[in-house]
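Here is a friendly briefing to read alongside the model. Have the sequence and the coordinates to hand as you go through the points.

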Amino acid sequence: MSPTPELPSPLAGLKVLDFSRVLAGPFAGRMLCDLGAEVVKVEPPEGDVTRLWGRVVGGVPAYFNQQNAGKKNVCIDLQAPGARELAIELVKQADIVIENFRPDVMPRLGLGYDVLREANPRLIMLSISGFGQGGPESRRPAYAPVVHAELGLMARTKRRFGEAHDLPLSVADTNAALHGLVGVLSAVILRERTGSGQHIDIAMVDATLVTDDQLHAELEPDPAPAVPSEVWMSGAGPVFISADFRFLWKRLSERHGVSDGAGPDASLEEKIRLRRAAVERFLGGLADWAAVEAAMAQMNLAWGEVREGAKLHEQPTVRHRGSIAQIDDRAGGTRPIPQSPYRFSAADSRVRGPAPHRGEHNEAVLAEWLGRTDLAQLYETGVLLKAEA
């Protein structure tokens, strides 16, 4: 299904102030934006650190673009005299506030939940932090790899692959963002019944634990843990087969008549060696991906081509669903970005456009939200700033 702008957007009319930076908060804001909410990123004068990450096109780096696509942007120095008051005026018009500072930061800025709730009792505030609010580690700085280390993911990697290293994506951040999104949308529904807002405390620790489908084996050790699936080399290229070796061998011998050639007196170690060699020969004889697909279908096994990221646009389902969209690159062309994953039968969810420049929408947002058009003093006092495009 291709999203079409003629359909209604599920979250149209909701106003979001996104004070967050880097990934966990911005990703939640990006998803709200894709779903039709008006998301305004409140960026500090020094800019989100992710403006330093990735290929720069049209003045916008790739990492920042992916997490902030479609948002509007106001640049406010929250340390400047009068900035707090301006932020609160914006909060009064907002439905949702997102922040992912350490828990003491927003209160120190005079923008803690108690203050914002007094200004706007219907406000829903999403706070994402590494270790949650009010605990013994609340003020610890945390990025995703810190949580991956603390919660056993790196140790699990070492057990399986012989070396402790981080995951190649920020699972703790994105899980926290998505669980935060569930919390926010639940609070929106609850507000319709009660008229009151909520403060949602999402800890990356909690979000990672509850999303870890293999945590049971850590908390309740399994005396016979599963043998992990493996990557094998076929004649077409590397292929991941989602089956432990014992099951793979069973299917190969039953469905394809592959034999290990082991004698009756062969030891278990010798049988395993011979069987692995037989699997390698069989898979190596599959000359192309059509042959691989046919062989796997005959065994009813799930499998995947070990594909380089640069070739994702060639993946058949990604291509069919338009999962990678092309958006304005702000330099006269287009650039790739992940499309919204939400596909509705009769509603519109899609990436709304490129990420904004810092302070790009100062005038538009303050005029639309607050009816303010004379911003000269705010610029003179350093409350508002704007980067050169």
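No disulfides turn up when the whole structure, a predicted model, is searched. Two cysteines are worth a look here. Cys33 takes part in no disulfide, and the nearest cysteine sulfur to its own belongs to Cys75, 19 Å away. Since a disulfide needs sulfur atoms within 2.5 Å, that 19 Å separation does not qualify.

**Cysteines**
- Cys75 is likewise in no disulfide, with the sulfur of Cys33 as the nearest cysteine sulfur at 19 Å.
- Is Cys33 buried or exposed? Cys33 counts as buried because its relative accessibility is 2%.
- Cys75 has a relative accessible area of 0%, so Cys75 is buried too.

**Fold and dimensions**
- The chain holds 16 helices together with 14 strands.
- Measuring along the principal axes, the C-alpha trace spans about 90 × 50 × 40 Å.
- If you look at contacts between residues at least 6 apart in sequence, 71% of them join residues at least 24 apart.

**Burial and surface**
- The chain has 389 residues, and 43% of them count as buried.
- Its accessible surface comes to about 19800 Å².
- Carbon and sulfur atoms account for 53% of that accessible surface.

**Charges**
- How many positive and negative charges does the chain carry? There are 43 positive and 50 negative charges.
- The mean position of the positive charges and that of the negative charges are 2 Å apart.

Terms used
Residues are numbered from 1 along each chain as its sequence is written. This is a predicted model: local features need pLDDT of at least 70, side-chain atom pairs count only at pLDDT 80 or more; totals for chains, interfaces and linings use all residues. Side-chain values use heavy atoms; hydrogens and water are left out. Buried means under 20% relative accessible area, exposed over 50%, partly exposed in between (1.4 Å probe, protein chains only). Helices (H or I, at least four residues) and strands (E, at least two) are DSSP runs, numbered from the N terminus. Contact means heavy atoms within 4.5 Å. Accessible areas come from the Shrake-Rupley method with a 1.4 Å probe; for residues, only the protein chains shown count as cover. Lys and Arg count as positive and Asp and Glu as negative; His and the chain ends are not counted. The place of a charge is taken as NZ of Lys, CZ of Arg, CG of Asp or CD of Glu.
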